[in-house]
Every structure is written in C-alpha cells, then in structure tokens.
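Please open the model in a viewer and keep the sequence panel visible. The tour below proceeds by selection, with a note on what is found at each stop.

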Amino acid sequence: MTDYEEDQANEIEALESIYPDIFEILETEPHCFKLSVLTETDSYEECDPLGVDLQFTYVPTYPDAPPDMEVLSPQNLTDEDVRNIQELLQQQAEENLGMVMVFTLVSAVQERLSELVEEKKKQAEEDRERKQREDEEKEKKRFEGTRVNIETFLVWKARFDQEIMEKKKSKKEADNSKKLSGKQLFERDTSLNDSDTRFLDNEDITLGAGDESVEVDESLFQDMADLDLDEDLDLED
C-alpha cells in the first residue's frame with residue numbers, strides 16, 4: 001500500500017467515526033463517498049433547514065492533489081448559494097494540499113450554511129418589519145383620507161355643484177309634472193263635473209249615514225253670472 005492509499009484509507013475510517021449518520025460510501029475503486037450536510041432545524045425558525053450533499057472522489061495522488069468534489073441535492077438554497085459553496089470547497093482544497101482535507105472541507109461548508117441561516121433570518125426579520133410599516137402606513141392613510149389642496153378642492157366643488165344642479169332640475173321637473181290646472185283636472189276626471197251638477201240639481205244633499213241633510217238656498221247662486229270666474233274653472237269649456 002502506497003502512502004496515498006494509506007492516507008485515504010485512514011481518512012475514510014475517521015470520517016465514518018466522526019459522521020456515522022451522514023457518511024455513505026458509494027464506490028471503493030476509486031474511493032467515492034457522500035456526506036449529507038444539514039443545518040439544525042431548531043437553529044432557524046424562519047424557514048426549512050438548509051442542506052447539501054457533498055460528494056468526494058479520491059484521485060490517485062490525493063492528498064497532494066484535491067479530490068473531485070460535487071455539490072448535490074441543495075435544500076432551500078439558491079443557485080448563487082450553491083456556486084458560493086463550490087467556490088469555497090475549491091479554495092479550501094487548494095489551501096490544504098498535502099494533508100487529508102475532507103473533514104476541513106465539510107466543516108467549512110457547515111460554517112457557511114450557518115452563516116446563510118443567519119443571513120436569511122435577518123432578511124426575514126427585515127421583510128417582516130418592512131411589511132408591518134407598509135401595513136401601518138396604509139391603515140394611517142385609510143383614516144386620514146385624501147389630503148385637500150386647492151386643486152383637489154376645486155375638483156370636488158365642481159362635482160358637488162353639478163350634483164346639486166341635477167338634483168334641483170330633477171325636483172323641479174317632478175313638481176311640474178304634478179301640477180294640473182282646473183281645466184286639466186276636469187278633463188282627466190269627469191266625476192268632478194258630474195258632482196257639481198248633482199249638487200245644483202238636488203234640493204238637499206245627504207251628509208252621511210244619518211238622516212241630516214243640507215238645504216240649498218238657490219238665491220245665493222242667482223248672481224253667479226256676475227262673478228269674474230277664472231277660465232280654468234269655466235265649466236262650459
């Protein structure tokens with residue numbers, strides 16, 4: 001066994017011991033394995049946990065050369081977050097050439113995920129505060145109504161005057177339609193004419209259900225021809 005093979009075997013044994021729940025061997029020739037890195041759920045109450053699968057494949061000269069590295073199955077991470085993690089892995093691998101480095105790489109990614117958690121918590125808090133301010137401002141405007149200046153007042157005044165004029169016009173038309181002359185009344189209801197004729201022809205008029213009656217003094221009507229009656233009341237029209 002070469003020194004490279006021994007270093008690789010020792011690291012795999014150590015990784016299995018350190019990460020028993022998230023370490024999975026995929027291949028042995030060459031060594032290929034995966035570690036599922038996930039933030040603690042109780043450390044971030046604003047959304048679901050963040051996580052990625054880190055897959056490593058040893059090259060023959062590892063650790064003098066970096067392993068092949070892939071970032072798979074991102075959880076609640078943006079494309080930019082994934083690119084940043086990939087760049088972080090490459091940077092850390094170059095800084096640790098000559099030493100077994102998978103533990104260091106995984107630790108760096110875990111730290112980066114924790115930073116993202118804090119950033120997302122802060123962003124969520126800022127978004128919540130901004131929404132609260134917007135809601136308060138909307139509520140305040142709802143009670144304040146529209147602020148009045150000379151332009152808005154003149155627009156309102158013109159609209160108000162127009163509405164008043166239309167209401168007066170409608171009322172006048174309605175009143176005019178209800179007013180009828182005496183002549184129009186007789187033309188529309190002939191019973192009025194008949195009632196006057198019956199009044200003059202009868203010697204007495206019964207007032208009600210009783211026996212009382214009214215006697216008409218015809219002398220009171222002898223001078224009716226001398227009266228100047230309105231044409232609207234002239235029964236001969």
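## Helix α4 and its surroundings

Begin by selecting lysine 157, which counts as partly exposed at 32% relative accessibility. This is a predicted model, and every stop on the tour should be read accordingly. Add aspartate 161 to the selection: its side chain and that of lysine 157 meet in a salt bridge, at 2.8 Å from N to O. Both residues belong to helix α4, four residues apart, or about one turn of the helix. An α-helix has 3.6 residues a turn, so residues three or four places apart point the same way. Aspartate 161 also counts as partly exposed, with a relative accessibility of 29%.

Next, select phenylalanine 160, which is placed in helix α4 (residues 150-178). Is phenylalanine 160 buried or exposed? With a relative accessible area of 36%, phenylalanine 160 is partly exposed, since the partly exposed class runs from 20% to 50%. Now extend the selection to Val148, Ile150, Phe153, Leu154, Trp156 and Ile164; together with Phe160, these residues make a nonpolar surface patch of about 680 Å².

## The whole chain

Zoom out and colour by secondary structure. The chain contains six helices and six strands. Read from the N terminus, the elements follow the order α-β-β-β-β-α-α-α-α-α-β-β. Of the 237 residues of the chain, 20% count as buried. The chain exposes about 18,100 Å², of which carbon and sulfur atoms supply 48%. Among contacts between residues at least 6 apart in sequence, 50% join residues at least 24 apart.

## Helix α1

Select residues 3-18, which form helix α1. The end C-alpha atoms of α1 are 22 Å apart, in agreement with the 22 Å expected for its 16 residues at 1.5 Å a residue. Show the side chains of Gln8, Glu11, Ile12 and Leu15, the buried residues of α1. Viewed down the axis of α1, the buried residues fall within an arc of 100 degrees, so they line one face of the helix. Then turn to the face directed away from the buried side, where the exposed residues Asp3, Glu13 and Ser17 are carried.

## Salt bridges on helix α3

How many salt bridges does a search of the whole structure find? The search finds nine. Side chains of opposite charge can pair when their charged atoms come close.

Select lysine 120 and aspartate 81, which form a salt bridge whose closest N and O atoms are 3.6 Å apart. This pair links distant parts of the chain: lysine 120 is in helix α3 (residues 102-144) and aspartate 81 is in helix α2 (residues 79-95), 39 residues apart. Compare the surroundings of the two partners. Aspartate 81 is buried, with a relative accessible area of 9%, whereas lysine 120 counts as partly exposed at 23% relative accessibility.

Move along to lysine 131 and aspartate 135, whose side chains meet in a salt bridge at 3.0 Å, N to O. These two residues are separated by about one helical turn, because they are four residues apart in helix α3. Each is partly exposed: lysine 131 has a relative accessible area of 48%, and aspartate 135 has one of 36%.

Before leaving α3, select serine 107, which is found in that helix and counts as partly exposed at 24% relative accessibility. Draw a distance from its C-alpha atom to that of valine 37: the two are separated by 9.4 Å, although the residues are 70 apart along the chain.

## Strand β3 and a salt-bridge network

For the next stop, select threonine 57 in strand β3 (residues 51-57). At 17% relative accessibility, threonine 57 counts as buried, because the limit for that class is under 20%. Which residues are in contact with threonine 57, leaving aside its neighbours within four places in sequence? They are Pro30, His31, Cys32, Pro67 and Asp68. Display these five with threonine 57 to inspect the contacts.

Finish by selecting Glu24, Lys34 and Asp53, which are linked in a network of salt bridges.

Terms used: Residues are numbered from 1 along each chain as its sequence is written. This is a predicted model: local features need pLDDT of at least 70, side-chain atom pairs count only at pLDDT 80 or more; totals for chains, interfaces and linings use all residues. Side-chain values use heavy atoms; hydrogens and water are left out. Patches are made of residues with over 30% relative accessible area and no salt bridge: like charges are joined within 9 Å, nonpolar side chains (Val, Leu, Ile, Met, Phe, Trp, Tyr) within 5 Å. Accessible areas come from the Shrake-Rupley method with a 1.4 Å probe; for residues, only the protein chains shown count as cover. A salt bridge is a side-chain nitrogen of Lys or Arg within 4 Å of a carboxyl oxygen of Asp or Glu. Buried means under 20% relative accessible area, exposed over 50%, partly exposed in between (1.4 Å probe, protein chains only). The expected span of a helix is 1.5 Å times one less than its number of residues. The arc is that of the directions from the helix axis to the C-beta atoms. Contact means heavy atoms within 4.5 Å.
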